[in-house]
Structures are given as C-alpha cells and as structure tokens.
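User: I'm new to this, so I'd like to know how the labels get decided. Could you go through some of them with me?

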Amino acid sequence: MTNYILYHYPLCPFSRKIRFLLNEFGLKYKLKDIKFWKKDAEFLSLNPAGEIPILVDNDNEAVIVDSFIIAEYINHSFSLKNDLIKVPYLSGSEIEKAEIRRLEMWFDKKFYNEVSKYILEERVYNTFLENNININTKRLRAGQINLDSHLRYIEFLLDKRKWLAGENFTLADITAATQISCLDYLGEINWTRYKILKDWYLTIKSKVAFQEILKDKIEGCKPSKYYCEFDFD
C-alpha cells in the first residue's frame, strides 16, 4: 500500500506544491484527481471546506488539509524518518524560518487571490461549471495586471538574494514556482520581460521533481508553446 493518497487537480498550484515535495523526497503516493468545484460527498467528508489538496496518510490514518499545513507535515515527517536535524526547505534561525513562511503565505494567499484565482477561474475552472457563463474579462484583466507587479516583486527579491527567502532553496521558492507554473501553462507570462525571474524559474523547472508535474495535461486546454521547454523567450 502506498504511504499517501493525494487528492488534487492537475492545474491547482496548491496541489502542485505538495506533489513537488512528495516527488523530491521520494515518497510513495497515489494521485486521485478531484473536480473540486463539484463538491461531492466523498470530497466534502474529507475536507468540509471544499478545498484541495487533501493528503491521506495511510501509515498514521490521518487526513491533512491545506497546502501550508500539509507542506510542514511532510517536511517534519520526512525529517523524523531520516533522522535529520533540520527540516528540509524550512530551516535556519527563527527569523529565517519566519521569512520563509511569510513568503510562502504571500504566494499562497496574496498572489493567488490577486492573480492566479482570477486567471485560473476565468480560463479553466469556470468552464467546467454546469451553468457555464462567458469569461469575465474584467476579472481576467485584473489578474493579468496584478501579475506584473507580483513578478516584479519576485525579481526585486532575487536581485538581493540567491533565492526568494535567502541563500537556500526553500518552501518560498516552491510555492512561488508552482503558482507560476499554472500561469505558464496558460501562456500568461511574457518571459522576455523578466530575465531574473526566468533564470530562477528555469533552475527550479529543471528539477526532476518538477518535471514530473510538467507532464500533466488538461483536457480541452493545451499548454503554452514553451511550457515544457528549457530554452525559451
């Protein structure tokens, strides 16, 4: 039996964050695609909030929800099993860990609510609703406008640091990259405008754990031209 079952949707940035960690740590898991907008009984019994991802830990008979909580759970569990002193991707002084968590929450909440939510809902999620309506161009445009300021903020951080939260690759980078990957799938990022961002993203994109995620395809929605490429402009 696999250690974990991950309820996810392929073009959900929160699900992708958890998949990256599971892949990176070599943990065995089974994916279960969930159309979270339908909110069926099985789904709501696992998470009454009606949100993904959901991680079922078979070893401990536990159900963990919310990507922020799941990420720390996986990091901590992996550390215990491997007798590591430091938690992978969430280590350092208390001040350094606070900065990692601040940026993780920035991309989980602020970036998602101001950018990804608008674009993904209008271009993907809402197209599956039974009462499918036309794209709300105002919401879509708002997300696209907000995207630029957020990407500039990433470049501002990377101009001063090796990685988003400091000298080490952390949950902050994983969270930001998985949000960006969903938008890149839709061709929403003009990479010629963001050289610093592009170099950072290509480094993460080249990781084996990330490449597995990039293989996903959404029915009726083809990925952008350079989505899986490593040399693009």
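User: Why is Glu 94 called exposed?

Analyst: Its relative accessibility is 58%. Residues over 50% relative accessible area are exposed, those under 20% are buried, and those in between are partly exposed (1.4 Å probe, protein chains only). At 58%, Glu 94 clears the exposed cut-off, so that's its label. One heads-up: this is a predicted model, where local features need pLDDT of at least 70, side-chain atom pairs count only at pLDDT 80 or more, and totals for chains, interfaces and linings use all residues. Residues are numbered from 1 along each chain as its sequence is written, and side-chain values use heavy atoms, with hydrogens and water left out.

User: What makes Lys 97 and Glu 94 a salt bridge?

Analyst: A salt bridge needs a side-chain nitrogen of Lys or Arg within 4 Å of a carboxyl oxygen of Asp or Glu. Here the N to O distance is 2.9 Å, so the pair passes. Lys 97 and Glu 94 are three residues apart in helix H4, which puts about one helical turn between them. Helices here are DSSP runs of H or I with at least four residues, strands are E runs with at least two, and numbering starts at the N terminus. Unlike exposed Glu 94, Lys 97 is buried, with a relative accessible area of 19%.

User: Which parts does the pair of Glu 122 and Arg 139 tie together?

Analyst: First, the pair itself: their side chains meet in a salt bridge at 2.5 Å, N to O. Glu 122 is in helix H4 and Arg 139 is in helix H5, so the bridge ties together parts that are 17 residues apart in sequence. Glu 122 sits at 6% relative accessibility and is therefore buried, while Arg 139, at 22%, counts as partly exposed. These two also belong to a network of salt bridges with Lys 117 and Glu 121.

User: How many salt bridges does the structure hold?

Analyst: There are 18. One of them joins Lys 17 and Asp 108 at 2.8 Å, N to O. Lys 17 lies in helix H1 (residues 13-24) and Asp 108 in helix H4, so this pair links parts 91 residues apart in sequence. Lys 17 is buried at 0% relative accessibility, and Asp 108 is buried at 10%.

User: Why does Ile 135 count as partly exposed?

Analyst: Its relative accessibility is 44%, so the in-between label applies. Ile 135 is in the loop between helix H4 (94-123) and helix H5 (137-160). Leaving aside neighbours within four places in sequence, Ile 135 is in contact (heavy atoms within 4.5 Å) with Glu 122 and Leu 140. Ile 135 and Glu 122 are 13 residues apart in sequence, with their C-alphas 5.5 Å apart.

User: What makes the pair of Trp 163 and Phe 169 edge-to-face, and the pair of Trp 106 and Tyr 153 tilted?

Analyst: Rings of Phe, Tyr and Trp (its six-membered ring) pair if their centres lie within 6.5 Å; planes under 30 degrees apart are stacked, over 60 edge-to-face, and the rest tilted. The structure holds 18 aromatic pairs. For Trp 106 and Tyr 153, the centres are 4.8 Å apart and the planes are at 35 degrees, so the pair is tilted. Trp 106 is in helix H4 and Tyr 153 in helix H5, so parts 47 residues apart in sequence are tied together. For Trp 163 and Phe 169, the numbers are 5.1 Å and 70 degrees, so that pair is edge-to-face. Phe 169 is buried, with a relative accessible area of 12%.

User: How do you know that Lys 207 lies over the face of Phe 169?

Analyst: The rule asks for NZ of Lys or CZ of Arg within 6 Å of the ring centre and within 35 degrees of the ring normal. Lys 207 is 4.6 Å from the ring centre of Phe 169, so the distance fits. The charged end of Lys 110 also sits over a ring, that of Trp 106, at 5.5 Å from its centre.

User: Why is the sulfur of Cys 182 too far for a bond with Cys 12?

Analyst: A disulfide takes cysteine sulfur atoms within 2.5 Å. Cys 12 has the closest cysteine sulfur to that of Cys 182, but the distance is 6.9 Å, so no bond. The whole structure has zero disulfides.
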